Amino acid sequence: MTESAVPIPKYRWSAVLPAQANILEIRRTTEIMVEPDGLAMLLDHDRIDPAADEGWPEERLLLGECVLLDGDRAVGFGRLIWDAHTDDLPRVIDLAFAPGFRAPFFVDTLEQELIAEYATEAEGGEVVRGHDGRLIDITRAAMTEGRHMSAYGQRRPRA
């Protein structure tokens, strides 16, 4: 190198690149054997609507439950339930997200996955109450999921 040449700075790639980034994934709780780290903390402290903790009536049916994982850590959670004894619609409850994961994208995606899980049977009808109270018509999802499952012999075809 000559004296007039400008030295090229050396970069430490560890300083430029982020630490190992995990791929986020949504899993149905029936697919995992061990409770993910942080799930209890999410439900205790990070619910979207903390006032909605209404207990669990004996007649309540759990029709879908999913967790958003960042590696082994739970960063999102939700349930789809139906209180059939009250003539209410199936509804999304207990949505909880860790700080940094409350963006509408994560909320909507988790809600859609809960609805897709429910749509395989759609026991309580083809309208679901979203986490924010809006009514969601899932007729198309119920038909798609139902056809998919019946092709594998796991669901009776609709009449």
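Me: What does it mean for a residue to be called buried?

Reply: A residue is buried when its relative accessible area is under 20%, and exposed when that value is over 50%. The model discussed here is a predicted one. In it, Asp83 has a relative accessibility of 6%, so Asp83 counts as buried.

Me: Where is Asp83 found with respect to the strands?

Reply: Asp83 belongs to the loop that runs between strand 3 (73-82) and strand 4 (91-97).

Me: Which residues is Asp83 in contact with, leaving aside its neighbours within four places in sequence?

Reply: Asp83 is in contact with Glu54, Pro57, Arg60, Asp88 and Arg91. With Arg60, the side chain of Asp83 also makes a polar contact of 2.8 Å. Arg60 has a further partner: Arg60 lies over the face of Trp56, 5.0 Å from the ring centre.

Me: How should I read the strands on either side of strand 3, and in which sense do they pair with it?

Reply: The pairing is read from the bridges between two strands. Strand 2 (residues 61-70) pairs with strand 3 in the antiparallel sense over 9 bridges, and strand 3 pairs with strand 4, also in the antiparallel sense, over 5 bridges. Individual positions show the register: Cys66 stands opposite Gly78 in strand 3, while Leu80 stands opposite Val92 in strand 4.

Me: How many residues lie between strand 2 and strand 3 in their hairpin?

Reply: There are 2 residues between them, and Gly71 in the turn has a positive phi of about 70°.

Me: Is strand 3 mostly covered or mostly open?

Reply: Strand 3 is mostly covered, as 9 of its 10 residues are buried.

Me: How is a pair of aromatic rings described?

Reply: Such a pair is described by the distance between the centres and the angle between the planes. A search of the whole structure finds 2 aromatic pairs. In one of them, the ring centres of Phe101 and Phe106 are 5.5 Å apart and the planes meet at 55°, so this pair is tilted. Phe105 and Phe106 form an edge-to-face pair, with 5.5 Å from centre to centre and 70° between the planes. Together, Phe101, Phe105 and Phe106 form one aromatic cluster.

Me: Which of these three rings belong to buried residues, and which to exposed ones?

Reply: The cut-offs given at the start apply again. Phe101 has a relative accessible area of 13% and is therefore buried. Phe106, at 18%, is buried too. Phe105 has a relative accessibility of 59%, so Phe105 counts as exposed.

Terms used. Residues numbered from 1 in each chain as written. Predicted model: local features only at pLDDT ≥ 70, side-chain atom pairs only at ≥ 80, totals over all residues. Heavy atoms only, no water. Helix = DSSP H or I, 4+ residues; strand = E, 2+ residues; numbered from the N terminus. Buried < 20%, exposed > 50% of the residue type's maximum accessible area, 1.4 Å probe, protein only. Polar contact = N/O pair within 3.5 Å; in protein donor to acceptor, adjacent residues only side chain to side chain. Contact = heavy atoms within 4.5 Å. Pairing = 2+ DSSP bridges. Phe/Tyr/Trp six-rings, centres within 6.5 Å; stacked < 30°, edge-to-face > 60°. Lys NZ or Arg CZ within 6 Å of the ring centre and 35° of its normal.
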